[in-house]
Amino acid sequence: QVHLVESGGGLVQAGGSLKLSCAASGSSFAINAMGWYRQGPGKQRDMVARIMDGGFTDYGTAVKGRFTVSRDNAKNSVYLQMSNLKPEDTAVYYCNAESTWPDIGTNYWGQGTQVTVSS
C-alpha cells in the first residue's frame with residue numbers, strides 16, 4: 001500500500017505561480033512513476049504531468065511550457081511547479097503513483113488539493 005499526501009494548493013491570481021508537493025509513504029519501493037492529474041468542475045480527470053523512472057517526463061497539452069514536474073527519489077516526493085497560471089487551470093489536483101505492487105499497473109491517489117486561479 002502507498003499513501004500519498006499533497007500540499008501547496010491555494011488561491012492565486014492569473015499569471016501567478018504555485019508549487020505543489022506530494023510525499024509518498026508505505027510501499028514506495030515499487031513506484032515506477034509519479035505525477036499529477038486534475039479535475040475541474042464538471043470535467044473528467046486529466047493527466048497534467050508525469051515523471052517516470054529515469055527522469056522521463058510527459059505533459060498534458062494544456063500545460064506544456066508552463067508547468068514543470070520533478071521528483072526527489074530520496075524523499076519519495078514529486079513536485080509540480082506551475083507558472084503563468086490561467087483561470088482554466090482551476091481544479092482539484094491529485095497526486096498519482098504508478099506501482100508494480102501488489103500488481104503491475106496499480107495506481108494510488110492522494111486526497112487532492114484545490115487550486116483556484118482568479119482572473
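T113 counts as buried, because its relative accessibility is 11% and the cut-off for buried is under 20%. The model in which T113 sits is a predicted one. This briefing starts from T113, then turns to an open sheet of four strands and to a disulfide between C22 and C95.

**T113 and its surroundings**

- T113 belongs to strand β11, which covers residues 113-118.
- The side chain of T113 reaches the backbone nitrogen of G9 at a distance of 3.3 Å.
- Setting aside neighbours within four places in sequence, T113 is in contact with E6, G9, L20, A91, V92 and Y93.
- One of these contacts, E6, lies in strand β1, which covers residues 2-7.
- Another contact, L20, lies in strand β3, which covers residues 18-26.
- A91, V92 and Y93 are also contacts of T113, and strand β9 covers residues 91-99.

**The four-stranded sheet**

- Which strands form the open sheet, and in what order? The order is β1-β3-β8-β7, and the pairing is antiparallel.
- The edge strands are β1 and β7, and each of them pairs on one side only. Strand β7 covers residues 67-72.
- On average, neighbouring strands of this sheet are turned by 15° against each other, with direction ignored.
- In a regular strand, side chains alternate between the two faces of the sheet.

**How β3 pairs with its neighbours**

- Strands β1 and β3 pair in the antiparallel sense over six bridges.
- Within this pairing, S7 stands opposite S21 in β3.
- Strand β3 also pairs with strand β8, residues 77-82, in the antiparallel sense over six bridges.
- Here A23 stands opposite S77 in β8.

**The disulfide**

- How many disulfides are there? The count comes to one disulfide.
- C22 and C95 form this disulfide, with their sulfur atoms 2.0 Å apart.
- The pair links distant parts of the chain: C22 is in strand β3 and C95 is in strand β9, 73 residues apart.
- The link of C22 and C95 is left-handed, with -85° about the S-S bond.
- Are the two cysteines buried or exposed? C22 is buried, because its relative accessible area is 1% and buried means under 20%. C95 is buried as well, because its relative accessible area is 0%.

How values were computed:
Residues are numbered from 1 along each chain as its sequence is written. This is a predicted model: local features need pLDDT of at least 70, side-chain atom pairs count only at pLDDT 80 or more; totals for chains, interfaces and linings use all residues. Side-chain values use heavy atoms; hydrogens and water are left out. Two strands pair if DSSP finds at least two bridges between them. Helices (H or I, at least four residues) and strands (E, at least two) are DSSP runs, numbered from the N terminus. Buried means under 20% relative accessible area, exposed over 50%, partly exposed in between (1.4 Å probe, protein chains only). A polar contact is a pair of N or O atoms within 3.5 Å; within protein, one must be able to donate a hydrogen and the other to accept it, and residues adjacent in sequence count only if both atoms are side-chain atoms. Contact means heavy atoms within 4.5 Å. A disulfide is a pair of cysteine sulfur atoms within 2.5 Å. Axes are lines fitted to C-alpha atoms, for helices over the stretch in contact, and angles run from 0 to 180 degrees between N-to-C directions.
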